[in-house]
Amino acid sequence: MGKSFLLFFLFMCAGITAQDSLKTVTAEKGDGIYSLLRKNGVNPSKFYNAFVEVNKAKLSEEEFLKIGETYFIPDTTVLSKVKNVNLSAFREYPIFGEDFARIDSLSNRLKGNIYYLVSGHGGPDPGAVENYNGKLIAEDEYAYDITLRLARELISHGAEVFLIIKDENDGIRDSRRLELDTDEVTYPNKEIPLSQLARLKQRVKVINKLYKENLGKYQRLLVTHVDSRSKGTNIDVFFYHHEKSKNGKRLAESIHQTFLKKYAKFQPNRGYQGTFEDRSSLYLVKKTLPAMVYIEVGNIRSEKDQRRILDPDNRQALAKWISEGVILDFEASTSFDK
């Protein structure tokens, strides 16, 4: 099949003619849609959906690239013509950074729902730190990046999201090593205390106040951390909930089941040992009012887990899989009380 005919075939349903000439690139090992678009000078936030639409016949079910496959890179002349991209159905959120501020509306599956997202540590406390290629990396920066990506996914499906920990000048960062800083604040703009207990109490107070203000609405809390264990210990993603919260348990189980299916599909020979279990002893699990899940995404001191945490495409996959579990939980839910 000639290139012109193939191009016409792909774009016919969107009203684009064979005269349109798009750049093509071949996916290499380690490429994801975001990284492929970035390498070719294209804003991944703006063009992600257009890329998926014009290349959907060549993508996996989970929108993963296939090594050695050739893909079209969309440009501004086709963006508005792709049937799944509604240029009027997006909003701008500066907190996500210039490249990710625009969020397209993908569905209303979570419309009316409220999600409180907490990334671990922050401010004067970086959390777990580790030396990577001669420079420090810190838990709070990676937990925050994953949390921002998760927030974008939830918003794209109509959810209302409160970022309990915020950094106005970081945004989503597509680099392996994320620079450390201490300017994170607690919603709406509270300085984060140095004392661990004061820090946790501050977060609980903010979350519970928002929860009471939104009684009667579907509300959930997700807390993201990066663990720190002995250097050689690699761990899978773990999920914790309160022992007395049926809704919290279902939320943790829904996300856990999503991860089980993803690992079975994409890494069938690896196995997945992550669990969901009661950890009511954790302060945020014990003291917060919304049904919640506490997520540990890996061991920052493990070289194997660092591949999961440091690669921006992996951080995006983590966020997407968590969001799919969140949607699964909501659509299976019948109760609005903890």
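**Exercise 1.** In this predicted model, determine which strands helix α9 (residues 303-310) lies across.

*Solution.* Step one is to place helix α9: it lies across β12 (219-227) and β15 (291-299). Step two is to give its direction, which is at about 120° to β15.

**Exercise 2.** Establish the order of the strands in the open sheet that contains β12 and β15, and identify the strands at its edges.

*Solution.* The open sheet is formed by 6 strands, and reading across it gives β8-β5-β12-β15-β13-β14, with mixed pairing. The edge positions belong to β8 (160-163) and β14 (276-278); each has a single partner strand, so one side of each has no neighbour in the sheet. From one strand to the next, the twist averages 25°.

**Exercise 3.** Describe how strand β13 pairs with β14.

*Solution.* Strand β13 comprises residues 238-241, and its pairing with β14 is parallel, over 3 bridges. At the level of residues, H241 is found opposite D278 in β14.

**Exercise 4.** Decide whether L222 is buried or exposed, and name the residues that it touches.

*Solution.* First, L222 is located in strand β12. Next, the relative accessibility of L222 is 1%; because buried means under 20%, L222 counts as buried. Leaving aside residues up to four places away in sequence, L222 touches Y115, Y116, L117, V118, L150, I255, V293, I295, I322 and V326. Finally, consider I295 from this list: L222 and I295 are 73 residues apart along the chain, and 7.4 Å separates their C-alpha atoms.

Terms used. Residues numbered from 1 in each chain as written. Predicted model: local features only at pLDDT ≥ 70, side-chain atom pairs only at ≥ 80, totals over all residues. Heavy atoms only, no water. Pairing = 2+ DSSP bridges. Helix = DSSP H or I, 4+ residues; strand = E, 2+ residues; numbered from the N terminus. Axes fitted to C-alpha atoms, helices over the stretch in contact; angles between N-to-C directions. Contact = heavy atoms within 4.5 Å. Buried < 20%, exposed > 50% of the residue type's maximum accessible area, 1.4 Å probe, protein only.
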